[in-house]
Structures are given as C-alpha cells and as structure tokens.
Amino acid sequence: MDESIFYIAEGDPADKHSQESFAMATSVHNSHQHASFRQADCAKNGAVLTGSGPGERLLVASPNKALLNVYSWGKESPDQRIPLPEALTCLSLVSHPNSKLFVDSMRSSQFNLPSFRIPWLLAGGSKSGKIYVWELSSGSLLCVKEAHYQAISVVRFSKCGTFLVAGSDDARCTIWKTLDLISIFQGEDEDTVKAAKPFHAITDNTLAISDLYLSEAGLINDLRLYTVSKDSTLRIYDIMTKSLLTTFILPEAIDSVVTDPAGRAVYLGLASGLIRTIPLYNINPNTMVLESIGGNRKIVTVENDPNLNFTFVHHQQRLSAETNTSLLHKSLKKKNDDDNKPISVTKLAISLDGTNLVSGDSLGRVFVSDIITRQVAKTFTPCNSPISYIQVNAAPFDALNTPSSSKVDKKHRLIPQFKRVLASRNPIEHQLNLEIPSEAKDEEEEDFGDWLSRKTQEDLEFKNLSGVNSSVKTVSTSAISSSNQELEEKLAKVSNAYTELRTKHEELLKEHSKVLSSK
Amino acid sequence: MSVPLSLILKELEGTPSAIIPILSSLYYDKSILNGISKPDSKHLVSRTLNLARSANEYNKWAGTNIIRVIGDNYTILANEGFNLFNQLIKNLESYNETINIKILTSTIESLNYLCDKIRGKPTLTREILTPKLATIITLYLEKLHYSPLLIIRSLKKLIKFHPTTFRPFGNKLRAKLIGFLHLNEFTNFPTPLKNAIYQTIATLPAIEKTDPEIKWELDVRSLVKELKSVLTIYQEFLNLNDDSSIVKLFENLPSFEENQQSERILPDLAIDVNEPQSVFQISTRIEILLNLLKAYLTYETQFSVKVPLGLVLTANELVCSINVRFLSFKGDIRDDQIRKIIKATTVLNSMNSVKFVKELAFVYKGSLLPHLDNIFSFLEVIVPFKNKKIDYDELIIQELVSTELLSCVSTLLSLVSYLSDYSPILRFVDLALLLVEPRVVDSQTLAKPANINVISNGKKNKKKKNNSSIPLSDLLSHQHLFAESIPPTTSKTVREFLNAIITTVSLPPTQHYRIMRYLIIEAVHARHYNNEHLIPAGLKSLLINAVLFPGYEKISLLPIVSSIFGDDPLLSVFNNPRFPPLPIYIKSASAKILEEQEVEDEDEDEDEVVAEVKDEIAENENEESQPKRRKLETNIVPAEAVSEDKEKIFSEVNPDTVIQFAPSTAKKSSFVGEASPISEETQHTSDATIVSSGVAVSNEDIEEDGSDFEMPEINVGDSDEE
C-alpha cells in the first residue's frame, strides 16, 4: 500500500497557455512519482481526481476559460477538452451511492472493477455564482442553479452524495439536497417542476467563505460541515438540524480547512502561513475528564499560541538559502524579491492514518508534516504558483507504480461530452455510457472442496449400493469357483501331460543308454 | 493425510478402488506433483490417459477427473497438455446418449478447467488451446442438448474470452438459444438454465467484428420495441385509452418499422379467447422479453455501451401501468374466467418488471435517482387497493408480488441516505405492516358456507374450502391451530424493507410507532422461543438501526433495545459514550505518561487507573520500583513517617526481596531516625493518587487493620491482581 499525494497549482497568470503548469501525484512515503500532468492549472478547488491508479481520471477546470480538461492517469497531456457553458471556479465529484446497496442482505457479491469507470456526478461552481451538476456517464447537464451573488469558491458533495454544499465569495454558504437538484424527470410541464430551493442557507459569515469541509458520517445525522472564512472564523454546523454548533474565532483570516479522519481535531491554514490545530476536545485540567470543546452554539476565541503547541510554522519560513539555491523555481524567487506579501496556506489535506498533514502554500510549496511533532516530514517539487488543490489517496502499491496499460482504445476511454444545455425532461432521452461490470463472484465458480464433494457423490453413483449388489457378488463368487474348477481341470491336464512327457523322456533316456552301452 | 505417489500409480494401473482420496491428495499435497520425477510423471500421465481411454465407464470417469487435477501442475500441463487435451476432446466427440451423463459433464468440466489454466499464458495458448478451440466449440454446440446448463455456461465463457474464434459459430448458437425460447416448455425450464440462456444471448454481441456496442444497443432497442408490440395486445381486452398517460407511454416508446419485423425474436402470438389457457402466453412472452432485457442490461459487457436507461424504465412503467385496478375491461370481455386470467397476467407482468427494476439498481445505482419519484409512482400502482384501503385478501393472494415489490423498494431506498419526503413511501409501509400482521382465520367465516359474504369483518375473510361436512368442532375448539403462519421469506423481506425505511426516511408518528411496536414485539417473541435466547441477526440489526435512526421520535428506543440485548458491542458504545483517543506525543517524562493514562483509561475503573499509573512510574524508575509502589499505596494511610523511611531503607534493595523484608519495616524505621526528604517523583505521584477512588482507600484501611506482618503481603497480592 502506498499513499499518493496529488497537487495542482493556480498557474502563473503571465503564462497564458499554461505551458509552465504541472500537476503531480507523488508518494508520501517514498520517492516515487506516480503521475504528472502537463498544462494543468486551475482556480482554487478547481480540480478533482477520481482516484489514483490506471483507469482513473483527473478533471481540471481551466482557469478563465469555459473548458474542462480531462486527463487519464498515466498520460501527461489532456485526453479531452470539454467545452462548458461557463468558466468554472471549483469542482466536486461524488461516486455512486452504494454503501448500503451491497450489504449481505441485499446482494451477496460485489462487482469487479471495470476498466472503464466514471463517478456519478460532477458539480461545478462558476464566477457568476451558478452551480452546475452533470451526470458523468451520460454527460447530461442535470441542473443549473443561480445559487450565489458572487463567485463560488468551493463546492463539495457529502461522501454519501446526499448533500451538495457551496461556499461563495458573497459570504454565504448554501446546502442543497442532491436529489432535489437532479430529479429532472418528474412531470413534463415546467410548472409542476418545483424550483429546488436550498436545504439550508448559511448567512453567518461576514466575509467570503474560503474553504469548507464535510465530515464523513456513517449516520446522516452525524454529518458535520466545517466552514472557514476570510472573516477569521471556523464554524461547525450540524447539517440535518441546520444548526450552528460552534464558532471558533481566530486571530487572522483562514484559507483552508481539513479535519482529522476521526473528528478529533480541525486543522486550519491561515493567511499568515501558519497552520493551526484546533482540538475538538481535550482534557479538562481541573477534573481530568475528556471534554468536548464548543458545541451548543458556543463561541470560542482561539488565542494566539506563543508556545507553538498548536501551530505549524514551516510555511512562514521564506528560506533565503532556499531561494538562492537553484532548486527553487525561478518565478518563486522573483516573487520573493518582488513582493513580500505574507505566505498563506492555501490548501490542506490529511493522510489515511491522521498523522500526516499535507499543506500547500501560496508559493507553490507542498509539505508533509507530522502532526504530533509538527515537523516537516517531506517536501515536494514546488509549483510556480499558489497550490489550488491537494488530494491524498491510498492505493495498492502496484496499482500506483505500474505504468498504465493503454490497452483501452480511445473510444472506450473517453468520457461522454458534456451537454451545454439542460437535459431534456423526457426520461426516454436518458442514455448512459458505461461498461457493465462483471460479478466478482461468478455463479459457476466452485472451489476444490465443493468439486470434490460433488465427485464423491458421482463416485457413489457409480458404485452399486443396492441389495442387488450382494447377489451380484454371489454370482461372481460362483464364477470364481467355476473358474477354479476350470483351473483345476487345466492343472490336472497339464500335470497329466507332464507325467506322460516325463515317462516318455525316461523311456527315451533308457533307450539312449541302452544304445550307448550296446556300442 | 495424503496417499503417496507410488500407491497412486499402482492404483491407477487398473480400475482404481478409491478415486476420491487420490484426487484430494493430488490436489492438496502439492509436493506430490511438484517433486515428481520424470519417469513417474510419464507413468502418471500415461496411466491417466489409459483410464480416460478405457471403455469401462467408471475408469473413464476417473481418468477424466484425474486429468482435471493433474492439469493444475504447470510442468505436466506444459509437457502433456496436448495429449490430455486431445483425449478429452476425443471422449467428448465419442459421447452419445448411451453413455453415462457423468462422463460428459466431467469431460466438459475438465476441458473448461484446462482452458482456464492455459488461458493467459501466451505460448501454451498458441500451442494447445487455439488450434483446438474451434473443435471444442463445435462439439459443445453438438452436445448442447445433453447437458444444456453446463454447456451453455461454458460457451458463454468462451464467447467472453475468445470472441474472434467464436465468430463463425455465433449465428448457430443464437439460433439454438432462440429455439429454446420458442419452446412451449421454456417457462418450465429451471431458472438457472433460463438465466444462462438469457445471459448467453446478451453476450453474443461481443463477437461482432466492428462496433459490438452498436449491435448491443440495437438488440436492446429492438427488445423494447418487441415488448411494446406484445403489450399492445392488451388493447383488445382493456380500455387502455381511458388512461391518457398510458396512451402517452405507448406513443413515447418506439415501434418496429415495416422492414424491421424480422428483428423480432419471438414468433407471432396466437391467442384465442375461447381457449383461456392461451392468454397466458402474453405473460410468458413478457417475462421472456423482460428477462432478456435484464440480462442485456445487467450482465457484464467487455466494452462500454450506450444504455438507453430512460427508455427501459419507460417500458417498465408501461408494463406496470397496464393494470386492471385502473383500467376497465372492454365490453366484449364478459367471461369471468377470462377476466381473471387477464388480471393474473398483468400481475405476473408487474412482478417481472419489479424484479427487473430491482436488478437495475445494483448496476446503475445513482443514475436511477433522477427517475426515483417516477419509479415509486409506478410501483405504487401495483399495491392492490380497494375502497381506498389496501385490499388484504388480494394482498395475501399476491404475497409473492408484494414481497418482490417491497424488496425492490428497499433496494431503491438504499440508494439514498436521506429522503425528506415520505409521501411516496407510506403506501409501501402500510403494505409491509399488513403482510406481517398475524393471520387469523376468522372462525365465523369458516363456519359459514364459503359463498356467503361476511357482513362486517370483511378484512379477514381468508377462506378455506370447507364445503364438505367435516365437523367444524376442531375449528371452534382449537382455533389457534388454524392461524396461518407468516412465511419466513415474507417476514425477512419485510424486515429488510423496514430496515431500509427507518434508515432513510423520517416517518410520520403513526407509521413510526407501528414499526417500532412490531419490532419490539417480534424481538421479545423471537428471544423467548429459542433455547439460547438469541435474536436473529436480521432483527438485531433492525433494532440497532432503530436506535441509530430515531427518526421522528425524540424518546429513544435505546433502553428497550439495551434490555433486550445489552451484550451487543455497538450498543455498548452507545451506552458508554466516549471520544476517540487523542494522539499524544509520548515523552519519557512520567508526567506525560500519567496524563496519557488518564485519557486512555477514562472509562476504566479508577482503581485500575491508579494501579497502572503506578506501574508506569515503577517501570520508569527501575531500581526503586517496588518500594515506590508500596509507598504509593501507603501514602493515603496516615503512617507517613513509616513510608518515608521505607523509601530510604529499601531504595537500593532488589525489588524481589522487598516482599520478604517488608514485615520488619515498622521496627526498622525506629532505628533509622532521620527521615529523608521526599524526592520530586514521589511528590508527583502522591499528587496523582488523589484521583484514586474511595475503593482503593477503603482497601488500604482494611489492610491497616491487619497485623504488621500481614499488611505488606496483602498489598503485594493486590498489586499483582491489578
């Protein structure tokens, strides 16, 4: 097993054709580079990777162009450039909802991984505040929603696909039920189609929402939304009850957020280049009891942390030595010289085990740091512009390191073109493009034990077990005795012949000796 | 236990006395074949081949099966594969109906197994498999009727792996399979065989040289067209035009063009209303078409295909909408029998359609969600209704349909994790709860002649034909014996349905309480009537879900469920809520460890916490460990001076000896007059002990009451226990 970190940057605005922009997928634990993608750059949160390994894809919303670039894992240049109705600023993917579908009571076996596979929905937010939702396997545009007054900075699906959350520069955050957005085939006249309203709209913030994160919840009631904003607040919401649980007020603007996989802490990337750990519960020093921090609409002011017990500082270091070495990118150096504006931590991600924090900053650097010691564990080849998206995927070692077999011809590799107009309300026109997967457990397969027991049964059927069997035996014994008799007769015959021969021989011998003696 | 090779070779010389041990040892003891010498291997193979060649059926059978087992070994397969293969093919070729069928099946199985083994290894495939493949396919096709299931499945596999080689045989196979579909007996074929036939037809497009996906799509579309053309027959019986939506559905679905009529798979229907039996052909035909369509849409394709999902769903909608509940019979259909038969065919159609939709959910998952409301509304039509109430009698008669319906709805519901609108679901919930209601046979109904309608209690007139004059006294005296039990499959399906419901939808109170009531009663019953007092797994998960998803209810079921089965690990987490452990950077300082201990052992007995803390400290301060522990324990006891002295005295003594020497501490302390200042660690640990609970203190008190000699021994024992 290996963990692969994918990161992509915003691209140098001077570089019109993104010639200098690269996106990389690199191992966390060793020096393997798993994949690289050329001419890839996007606005913050404007890229999504379906997974790591052959057969997976990277979708990148081209900045300032109404274009979506689709890369196949293992190929450096884009496979497809799909025109969009509008330039998108952020993307989010969700895979088919199937966690409850493949439990034992429903169906005993899963499907094998087909070579052609695409997730379920792609959502995008635009500069004009619209949310677009496409179904990937058909390419149909299922929904266009004018959701916000200003550019949407981030969209995210909950893991189960139930909710879509969008955060925007207009300081609002809207939560949508996915089902409302995509139910397009109900009723044919436009009037009956209810204009989907947001499930909940959050207007607590005063400045732009910069990032948001949804917890992975096994129970939909436990779904938590973490929003961070330029107004220096981290807010935690319970989605199902539409209630604000806790507000954390930080000393400075927040640019990015990620939570511990087990929900023990939140990590915030601040505009000043610090990464701040916000524990969600700690030990009360008076009672020595573990207590939750916040909740119940509490407002918690997060003090400065002079002892750096909860702060990662490595992004703040603008190492002059580093800039002098030729290792760093030229433009980075230039930037350093030009403006000394503070480095902000633009994107955060967390590793599988929750012990490594992956962070990208506005200088294009990406670090992996150990959460407990707050030390940098690994640095990556920097990009030439602010990091816009980071994704960590754990995958089997050989899946990441085998060169992708491009056996699949292009026709079967490309995803359907996206429609630029809303999908028809007529269900008959709903047509999917996919490879039907094969059953993981073939009904005909049987293991050796089953085979052997079947053969035992057959063996038994060959054998005669009936009562008739014994009579057959008596017949056979009588046959034996008769053959014995035959043999005895034969023996008698042979011995008779032998004695005859013997006597003849003796007679001859006598004759012979007689002849000899007579001589 | 395995039979040694020498014995195996000997056995194989003539008719083997016991073949099973040989097979199992050859398979499980890989060392036999891996370590086999060249002459032995020659012997083994030639004897196996001799057996397979033998005219004796048993020997032939045994030889064939040994081939399958020794084919596992790569060396034998590589050297002798050709001969083994040839022999099997020869046997297959010479097979006729006078020979035991087991020879045929074993031969085919062994052939398939060898094919599987060879496939993917380029040289072997080139040398052995490819030259023979065409022969194998021809022979399989020839012998198809002897063992259809096995051979069709084998052919399906060959199509999948060798589409190009299969190409010349495609039409022949298709004709054969469609010939099966045309048979009148086809409906009565065993389901696995039917499925194999459907799936093989569905895989056939793979052999197309160019654009198999286009052929696939054409097939699917023409199936839909054919389905529609069959459905139009209902126009003769029912006033389909009464329902504008049905007319619209008909219009929406494509029909065959004049020149496309040849694409039909099935021959024309011949239905005579005077021969009611012939009406059932309609439902048979729709079953075939739907199942074939299902095979196309759910059986694996090796290539990406364009699936007209919307079209298929619309076709299903049409199938379900043709329903006598909303449509009236045409005037000229007066015969009651015919009416009943037509109704029966529509019910059968909807059942097949429901099964189909359920299967679709597994393959198309989220893509079905845009259609969800639509699907629910056409499924709802199937629920039998009478006078704005679910028709209980009808429901029980159609129990099979109803359970299929519930299982389909629960599958669809599992696609969503949260559904805010419960209105489309309510009818199914009512249906489910009715299905598991106790089925009481009304004695009044039974006592009366069957044809007299019951005046009041119309809901429960399940009737038993009771026209004969059997005494009814049993019925009156032992009524409980006449209560029909709910079939286990029904209750299983209903439980799965309820599971899907309570995890996705917040139901209105009425339904919610009814479900909860059902669950609790069932659980208590189930537990009571088995010796182990256990609750079946399905019900258990249902109860746990009822706790996890309280829905509307603000009062949790937790106490009830906990008392029914409190030993469940998940419920234990619920009853003893905890935070996940925090990651902590372990410094060697004892203070850190102390803190960590506090955190991790939060839920444990305080007593233990203290003990472990002490342990930790003891371990960290190697030499002083034992005395320190003892000191800690006595710390709470007012004998402070004593403890301090102990510290002093025993600080440099081997911990093991402490136990022995302990009794004399009190005396010795008087000799050592000077009390040494308490070390910092000691100070710290004594702070920690404040946390310790009263239990520990009381223990100490008790010990204090004992004699001087006994006190430390008890202490030691105590700490060991901890």
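# Notebook: domains, sheets and the A–B contact

I began with the spacing inside chain B: the C-alpha centres of domain 1 and domain 2 of chain B lie 33 Å apart. I kept in mind that this is a predicted model.

**Domains of chain B.** I then looked up the bounds. Domain 1 of chain B covers 215–365, domain 2 covers 390–441 + 486–575, and domain 3 covers 590–721. Where domain 1 of chain B meets domain 2 of chain B, I found 9 residues from domain 1 and 10 residues from domain 2 in the contact. On the domain 1 side, I read 5 nonpolar, 1 polar and 3 charged residues.

**Helix α17 of chain B.** I checked the length of this helix, which runs over residues 336–364. With 29 residues at 1.5 Å a residue, I expected a span of 42 Å, and the end C-alpha atoms are indeed 42 Å apart, so expectation and model agree. Just after α17(B) I noted Lys365(B), which has a positive phi of about 40°.

**Where chain B touches chain A.** Next I turned to the contact between the chains. Chain B brings 59 residues to it and chain A brings 58 residues. Which helix of chain B gives the most to its side of this contact? I found that α16(B) does, with 5 residues. Several other elements of chain B supply at least two residues each, among them α2 (20–28), α5 (57–70), α17 and α26 (537–548). By class, I have 32 nonpolar, 17 polar and 10 charged residues on the chain B side.

I also followed β1 (305–307) of chain B, another element that supplies at least two residues to that side. Strand β32 (residues 432–434) of chain A pairs with β1(B) in the antiparallel sense over 3 bridges. In that pairing, I see Val305(B) opposite Leu434(A).

**First sheet of chain A I opened.** This is an open sheet of 4 strands in the order β12-β13-β14-β15, paired antiparallel. Which strands stand at the edges? They are β12 (152–157) and β15 (200–202) of chain A; each has a single partner strand, so one side of each is left without a neighbour in the sheet. I noted an average turn of 15° between neighbouring strands, direction ignored. β12(A) and β13 (residues 163–168) of chain A share 5 bridges in the antiparallel sense. For Ile152(A), I found the bridge partner in β13(A) to be Ser168(A).

**Second sheet of chain A I opened.** Here too I have an open sheet of 4 strands with antiparallel pairing, in the order β27-β28-β29-β30. The edge strands are β27 (345–350) and β30 (376–379) of chain A, and each pairs on one side only. Neighbouring strands of this sheet are turned by 25° against each other on average, direction ignored. Strands β28 (residues 356–361) and β29 (residues 366–370) of chain A pair antiparallel over 5 bridges. Leu357(A) has Ser369(A) as its bridge partner in β29(A).

**Confidence in chain A.** Last, I looked up the pLDDT values. The mean for chain A is 84, with 88% of its residues at 70 or more. I marked residues 320–331 of chain A, where pLDDT stays under 50 and the model has 11 contacts beyond four places in sequence. I marked residues 469–476 of chain A as well: pLDDT stays under 50 there, and the model has 2 contacts beyond four places in sequence.

Terms used
Residues are numbered from 1 along each chain as its sequence is written. Chains are lettered from A and ligands numbered from 1 in the order in which they are written. This is a predicted model: local features need pLDDT of at least 70, side-chain atom pairs count only at pLDDT 80 or more; totals for chains, interfaces and linings use all residues. Domain bounds come from an automatic or database domain assignment. Two residues are in contact if their C-beta atoms, placed from the backbone, lie within 7 Å. Ala, Val, Leu, Ile, Met, Phe, Trp, Tyr, Cys and Pro count as nonpolar, Asp, Glu, Lys and Arg as charged, and the others, Gly among them, as polar. Two strands pair if DSSP finds at least two bridges between them. Axes are lines fitted to C-alpha atoms, for helices over the stretch in contact, and angles run from 0 to 180 degrees between N-to-C directions. The expected span of a helix is 1.5 Å times one less than its number of residues. pLDDT is the predictor's confidence in each residue, from 0 to 100.
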